[in-house]
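The following exercises concern strand order, helix geometry, domain contact and backbone exceptions. Each task is followed by a worked solution, to be read beside the coordinates.

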Amino acid sequence: MGDPGGVGPEVCLQLLLDHNQYAGTVPIIFGDAAILRQVAHVCGYPEPKNVVPFHEAMDLHSLKEATVVDFGTIDPSTFQHGKVTAEGGEASYQYFISAIDFVLAGKADGITTGPINKEALHAAKHFYPGHTEILIERCGRDTGCMMLTSEELTCSFVTTHVGYRDVPQLLTIERIDEVIDLTVEAMRKIRKREPRLLVCGLNPHAGEHGLFGDREEERIIVPAVEAARARGIHIDGPVPPDTAFLAERRPLYDCVICMYHDQGHIPLKALAFDVAVNTTLGLPLVRTSVDHGTAFDIAWQGKAKVSSMIHAVQLARDLVSH
């Protein structure tokens, strides 16, 4: 359920209000039942009906209806919601790594994550930039790829949670090739056809033939695009980032390959904030996530929208079916 002090608990409760929202799945909430009951009380939602203590949870496939796996670690009477706390960061970390372990062990089929707070995670001495990096390490992989997807726009990312000054040094032909291949594999499952991809340049005007940057387009991005095209992938670019997301261009492509975090996050959140889904590619499990943060300023007030959580659960269901 993400950080217990954020909006994660209430979007989980909202998800359970209508079975049609999660049809075809049995949602199991890894979290604290006492927090969910408290949030249900203050927001006017029904309390979760089925609760299983974490130490008693075994193969989740035996559960036939929505259930809370209760970690029992947080006392709502003393917990400060709506704030960055080490307690919330620790709880969100434990929920998440336990869910990963259950899926890796075959005791569940996939993960949809509520929002965590990176500052709270660090306060709890877990020094990760976010979910993706925890997943990669826990799954024993060296790398992965973040994708944000919606009907309006889908983007995948060569780099994510790093400072802008570090981005050029992290771009390689091999890394871009990897992201392209992972994106093609995911788009085949999601779109159910051979995808059409567009690649952004790194620099303004895609470098304008070396006028801007250090010729990253010519040295790194163009060779990766040409190699993908030689593998039979339908791909164009690199194009100037400021024209990659124009309304007339978006319908022509299934996914835009972005070089850094905000290159894709800004247009995607502007166009599809309430419905976009975050998913991690290149792992031995299915993981999707809401595409919003903990929203501490509105937490536990019944103001959070559940739409991104619904879409994330539905995408996880569809990817698991593959």
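**Exercise 1.** Determine the strand order and the pairing of the open sheet of 3 strands.

*Solution.* The model is a predicted one. In this sheet the strands follow the order 1-3-2, and their pairing is parallel. Next, consider the edges: strand 1 (28–31) and strand 2 (51–53) each have a single partner strand, so one side of each is left without a neighbour in the sheet. From one strand to the next, the twist averages 25 degrees. Finally, inspect one pair in detail. Strand 2 and strand 3 (residues 67–70) are joined in the parallel sense over 3 bridges, and Val 51 is found opposite Val 68 in strand 3.

**Exercise 2.** Establish the order of the open sheet of 8 strands and identify its edge strands.

*Solution.* The order reads 4-11-10-5-6-9-7-8, and the pairing is mixed. The two ends of that order give the edges: strand 4 (110–113) and strand 8 (234–239) each pair on one side only. With direction ignored, neighbouring strands of this sheet are turned by 20 degrees against each other on average.

**Exercise 3.** Describe the surroundings of strand 8, beginning with its pairing to strand 7.

*Solution.* Strand 7 (residues 196–200) and strand 8 run parallel and are joined by 4 bridges. Within this pair, Leu 197 stands opposite Ile 235 of strand 8. Helix 8 (residues 216–230) lies across both strand 7 and strand 8. The angle between helix 8 and strand 8 is about 170 degrees. The backbone of strand 8 deserves a further step: Pro 238 lies in this strand, and a cis peptide bond with omega of about 5 degrees joins Gly 237 to Pro 238.

**Exercise 4.** Which residue in the loop between helix 7 (173–191) and strand 7 has a positive phi although it is not a glycine?

*Solution.* The loop between helix 7 and strand 7 contains Lys 192. The phi of Lys 192 is positive, about 60 degrees, although this residue is not a glycine.

**Exercise 5.** Compare the span of helix 3 (residues 86–104) with the expected value, then examine what follows the helix and a side-chain link made from it.

*Solution.* Helix 3 has 19 residues, and the distance from its first C-alpha to its last is 27 Å. This is close to the 27 Å expected at 1.5 Å a residue. After helix 3 comes Gly 106, with a positive phi near 80 degrees. For the side chains, a search of the whole structure returns 14 salt bridges. One of them joins Arg 138 and Asp 101, with an N to O distance of 2.7 Å. Arg 138 belongs to helix 5 (residues 131–138) and Asp 101 to helix 3; the pair, 37 residues apart, links distant parts of the chain.

**Exercise 6.** Characterise the interface of domain 1 and domain 2 by its buried area, its contact residues and its salt bridge.

*Solution.* Begin with the division of the protein: domain 1 comprises 7–141 + 284–320, and domain 2 comprises 145–272. Their C-alpha centres lie 30 Å apart. The contact takes 7 residues from domain 1 and 9 residues from domain 2. Interface size is often expressed as the accessible area lost when the parts come together. For domain 1 and domain 2, about 640 Å² is buried between them, 61% of it on carbon and sulfur atoms. The final step is the charged contact: across this interface the rule finds 1 salt bridge. Asp 291 and Lys 269 form a salt bridge in which the closest N and O atoms are 3.9 Å apart, while the rule accepts pairs within 4 Å.

Terms used
Residues are numbered from 1 along each chain as its sequence is written. This is a predicted model: local features need pLDDT of at least 70, side-chain atom pairs count only at pLDDT 80 or more; totals for chains, interfaces and linings use all residues. Side-chain values use heavy atoms; hydrogens and water are left out. Two strands pair if DSSP finds at least two bridges between them. Axes are lines fitted to C-alpha atoms, for helices over the stretch in contact, and angles run from 0 to 180 degrees between N-to-C directions. Contact means heavy atoms within 4.5 Å. The expected span of a helix is 1.5 Å times one less than its number of residues. Domain bounds come from an automatic or database domain assignment. Buried area is the accessible area (1.4 Å probe) that two parts lose on being put together, summed over both.
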